Amino acid sequence: MTKRAVLAEDLYDFRSVSHLRLSPDGQKIIFASQRVERKSEKKYSNLWMLPAQPSQKAVQYTYGNQSDVAPTWSPDGRQIAFLSNRASQEKPLQVYLIPADGGEARQLTDIKGSISDFSWSPDGKQLLVEVTKTDADELAREEDEQKGKLGVVARHYKRVFYKLDGVGYLPQERTHLWVVDAKTGKAKQLTDSEVFDEANASWSPDGKWIVYLSDRAEDPDLKPDQVDLFVMPAKGGEARLIPTGIGGKNYPVFSPDGQWIAYYGGYSDDDGWKNTSLWVVPADGSKKPVDLTNRYDLHVSPWTINDLGEPELMAPVWSKDSQKLYFPVSIHGSSILDRIDLSGEHVETIVGEGGVVGTFSFDRGLKKMAYFYGKMDDPAQIWLQDADTLATSFVYSHNQDLLNKLDLGTMEEVWFKGPAGNDLQGWILKPPHFDPNKKYPSILEIHGGPQVQYGNFFMHEFYYFASKGYVVYFCNPRGGRGYGAEHTKAIRGAWGDADYADLMAWTDYMEKKPYIDKSKMGVTGGSYGGYMTVWIIGHTKRFAAAVSQRCVSNFISMWGSSDVNWVFQHELRARQPFFDFEKYWKMSPIAYIGNAKTPTKVLHNEFDLRCPIEQSEQVFVALKSLGVDTEMVRFPDEFHGLSRTGRTDRRIARLNHIIGWFEKYLK
């Protein structure tokens, strides 16, 4: 078969795999997959099923133009609970149940509010559900047609965090815990507060207790690192605090013997450069929690940047004897699954090197594991592993038919020395039909974050740019994750210093390649990558063209206007800008924009709440006033994550605007 180059329009045909779950008996795998309807640009999600055996084909399990997501097997494996808006796409998702051997799904809940998570009780009789009730004024608009037509009159907030990128303006109601009868759907609210939220709740193995997270500071928004563990009776009642210390936390889970609680946790926001660790604490709170992974300098997270799906952060999984834990780690461009004993004395990698493990799901006896696996040349595979022998077997690739048609070019991984003698990792993507005797234009891609990593995960954007005849190169400079805490700490309070030096060393490395045209080098990046792009054009003229995407340009104006508003000051190691103006200005790329000569296109999303669009407006106006060739592209109704989750026609337009600018200046 003659293979073709990657197209921007292939975004319509790539399919995601999310919330993959292995049945309790280890015989079946279910997952959700999203698709795009080209005519309407609407996205729908349905459930898919396949046998848990090597080299299988998945079959669609639910149908219809709706969102069916988060499938979860009942403990006995007879039913699957999932979230869906099939009754009304204008209302929040509700819990549905469907027989595991097929049949009609029935709606279980009818809660006036949004459901963010749920889990089965160990006996399968109840569901523990996290609910944010619909605000009273929103309910009034739903019930009164005229009020609904008039819409929101005003939004009145007393809290600091009142908006969230990807969500919008937050409701007045907080997120609380409910239990739902798995037969009748009768729901009971267990917790309530106008100030506090509860999240990441899970059951004790005997079903008598619930552990959850909550920040009980006087004003939780001003103390986001004061999240604590609480244990409460499953029937409701007074909760008991499990002391754990300062730091953000995720996914507490009881050990099978009920003696321990494991969770992921960091340190204070002031120490945000430190690794997220795996912790354990006695379930009765009798001893201080123990950080099991700190000694290994591991960052507990599955996250590696990509644009075709998101690795799911799974709760730690206990061995049956309560002596070991499975957990994800991001390291050297891969997201792996590690296992550690309760003493913390021994840690081993179970699977994942050279790719990205997202979801991992065990059968009832922890004898078999199904897992999501993303690779540099395939964004969504499903694999199995025998828990005893650790032998792995390929099950299914959700995009194999499409991938078989594509010529992706050639990817090369390299390690090189940074300016401080530091080891840096990068990748070079050469276009299809690469000729080493030719000179190629090139594009330096810079990741966002900065506390993330590029790596062994499919990036449609990179392959599309390579298909146009560019060498695309990317690396993980200091400030990111995957190379130890000191690597991350290097730019704390000093953005634009060690990170800039590393990126220039990487560019120096590439410039010496015989196939690189030094006069036709371009640079682009989004979010923090946009920050670095604007920083670069203010500090060097070596690039022939630049594209800044949803950038940070002015820390002073960004303070308080971003959805994470004041928290940025921790990353900058500063007080509020009205007390520390010079430090904010010194680290702001706009302070150096007067030096810019590089033709720069500026892209931003109009409903970006993480990096408000005024950040790019300042860059565009500044470049115009300086006489530097520039254009601005604005994407309406899109949040910060357009490149990953936005409307598909806008994602395609974004790619074509970027490549069009480079075509103008690099060819």
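The legends below describe close-up views of a predicted model.

**View 1. The hairpin of strands β5 and β6.** Strand β5 covers residues 68-73 and pairs with β6 in the antiparallel sense. Four bridges hold this pairing in the model. One residue pair to look for is W73, which stands opposite I80 of β6. Five residues lie between the two strands of the hairpin. In the turn, G77 has a positive phi of about 80°.

**View 2. Strand β6 and its pairing with β7.** Strand β6 spans residues 79-84 and is mostly covered, with five of its six residues buried. β6 and β7 run antiparallel and are joined by six bridges. On this side, I80 has I98 in β7 as its bridge partner. I80 of β6 also stands opposite W73, and β5 pairs with β6 over four bridges. In a regular strand, side chains alternate between the two faces of the sheet.

**View 3. The second largest pocket.** The space in this pocket amounts to about 240 Å³. Its lining is made up of 17 residues. Nearest the centre of the pocket are K91, P92, Q94, D110 and I111. Two elements give two or more residues to the lining, namely β7 (94-99) and α1 (136-143).

**View 4. Residue classes in the lining of the second largest pocket.** The lining has seven polar residues, together with five nonpolar and five charged ones. Strand β7, which contributes two or more residues to this lining, is joined to β6 by six bridges.

How values were computed: Residues are numbered from 1 along each chain as its sequence is written. This is a predicted model: local features need pLDDT of at least 70, side-chain atom pairs count only at pLDDT 80 or more; totals for chains, interfaces and linings use all residues. Side-chain values use heavy atoms; hydrogens and water are left out. On a 1 Å grid over the protein atoms alone, a cavity is a set of points where a 1.4 Å probe fits but cannot get out, and a pocket is an open set with protein on both sides within 12 Å along at least five of seven lines; lining residues have an atom within 4 Å of a point. Grid points are joined across faces, edges and corners, and a volume is the space filled by probe spheres set on the points. Ala, Val, Leu, Ile, Met, Phe, Trp, Tyr, Cys and Pro count as nonpolar, Asp, Glu, Lys and Arg as charged, and the others, Gly among them, as polar. Buried means under 20% relative accessible area, exposed over 50%, partly exposed in between (1.4 Å probe, protein chains only). Two strands pair if DSSP finds at least two bridges between them.
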